[in-house]
Amino acid sequence: MAVCVVCQNDYWLSFEIKTITGDTYVFDSFECAMEKLAPRCEQCTVRIVGHGVEVAGRFFCGAHCARANSVLGAEVRDTVGSHPS
């Protein structure tokens, strides 16, 4: 068993994640892993759990927040769910 670095729960099904920088963390749930590792949107501060949008090295939850926060965000195309014209 190992102790979660976020909630300190000692859980027999805990798991370990090693990041690209070599840091290693133990978690008892995906929820705790996301709380520790997922970046926050620079506009609305929600945790970015999916792909998100990166504009000039800054991360946003989606195209709407990228456009609202960044001049470069105007170049972001978000056509998911849109019907072709």
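This report describes the strands, nonpolar cores, surface patch, salt bridges and backbone angles of a predicted model.

## Strand pairing and the hairpin

Strand E3, residues 15–18, and strand E4, residues 24–27, run antiparallel and are joined by four bridges. Within this pairing, Ile17 stands opposite Tyr25 of E4. The hairpin formed by E3 and E4 has five residues between its strands, and Gly22 takes a positive phi there, near 95 degrees.

## Nonpolar cores

The largest nonpolar core contains nine residues: Cys41, Ile48, Val53, Val55, Phe60, Ala63, Cys65, Ala66 and Val76. Two elements, strand E5 (53–55) and helix H2 (63–69), each give two or more residues to this core. Helix H2 gives the most, with three residues.

Ala66 illustrates the packing in this region. When neighbours within four places in sequence are left aside, Ala66 is in contact with Val53, Val55, Phe60, Gly73 and Val76. Apart from the nine-residue core lies another core, of five residues, including Cys4, Tyr25, Phe27 and Ala33. Tyr25, a member of this second core, is also the residue that Ile17 stands opposite in the hairpin strands.

## The surroundings of Cys4

Cys4 is located in the loop between strand E1 (2–3) and strand E2. Its relative accessible area is 1%, so Cys4 counts as buried, the limit being under 20%. Leaving aside neighbours within four places in sequence, the contacts of Cys4 are Asn9, Val26, Phe27, Asp28 and Cys32. One of these, Phe27, belongs with Cys4 to the five-residue core.

A further spatial relation concerns Phe15. Cys4 and Phe15 are separated by eleven residues in sequence, and their C-alpha atoms are 8.6 Å apart in space.

## Exposed nonpolar surface

Met1, Trp12 and Leu13 make a nonpolar surface patch of about 430 Å². Trp12 is found in the loop between strand E2 (10–11) and strand E3. The relative accessible area of Trp12 is 62%, and Trp12 is therefore classed as exposed, for which the cut-off is over 50%.

## Salt bridges

A search of the whole structure finds three salt bridges. Glu35, Arg40 and Arg47 are linked in a network of such bridges. In one of them, the side chains of Glu35 and Arg40 meet at 3.9 Å, N to O; the cut-off for a salt bridge is within 4 Å. In another, the side chains of Glu35 and Arg47 meet at 3.1 Å, N to O. This latter pair links distant parts of the chain, as Glu35 is in helix H1 (residues 30–37) and Arg47 is in the loop between H1 and E5, twelve residues apart. The members of the network are partly exposed: Glu35 has a relative accessibility of 40%, Arg40 a relative accessible area of 41%, and Arg47 a relative accessibility of 23%.

Glu42 and Arg58 form a further salt bridge, with their side chains meeting at 2.9 Å, N to O. This pair also links distant parts of the chain: Glu42 is in the loop between H1 and E5, and Arg58 is in strand E6 (residues 58–60), 16 residues apart. Both partners are partly exposed, Glu42 with a relative accessible area of 38% and Arg58 with 29%.

## Positive phi angles outside glycine

Gln8 has a positive phi, near 65 degrees, although it is a residue other than glycine. Gln8 is placed in the loop between E1 and E2, where Cys4 also lies. In contrast to the buried Cys4, Gln8 is exposed, with a relative accessible area of 53%.

Thr45 is likewise a residue other than glycine with a positive phi, here near 70 degrees. The loop between H1 and E5 holds Thr45, and this loop also contains the salt-bridge partners Arg47 and Glu42. Thr45 is partly exposed, with a relative accessible area of 46%.

Terms used:
Residues are numbered from 1 along each chain as its sequence is written. This is a predicted model: local features need pLDDT of at least 70, side-chain atom pairs count only at pLDDT 80 or more; totals for chains, interfaces and linings use all residues. Side-chain values use heavy atoms; hydrogens and water are left out. Two strands pair if DSSP finds at least two bridges between them. Patches are made of residues with over 30% relative accessible area and no salt bridge: like charges are joined within 9 Å, nonpolar side chains (Val, Leu, Ile, Met, Phe, Trp, Tyr) within 5 Å. Accessible areas come from the Shrake-Rupley method with a 1.4 Å probe; for residues, only the protein chains shown count as cover. Buried means under 20% relative accessible area, exposed over 50%, partly exposed in between (1.4 Å probe, protein chains only). A nonpolar core is a set of buried Ala, Val, Leu, Ile, Met, Phe, Trp, Tyr and Cys residues joined through side-chain atoms within 4.5 Å. Contact means heavy atoms within 4.5 Å.
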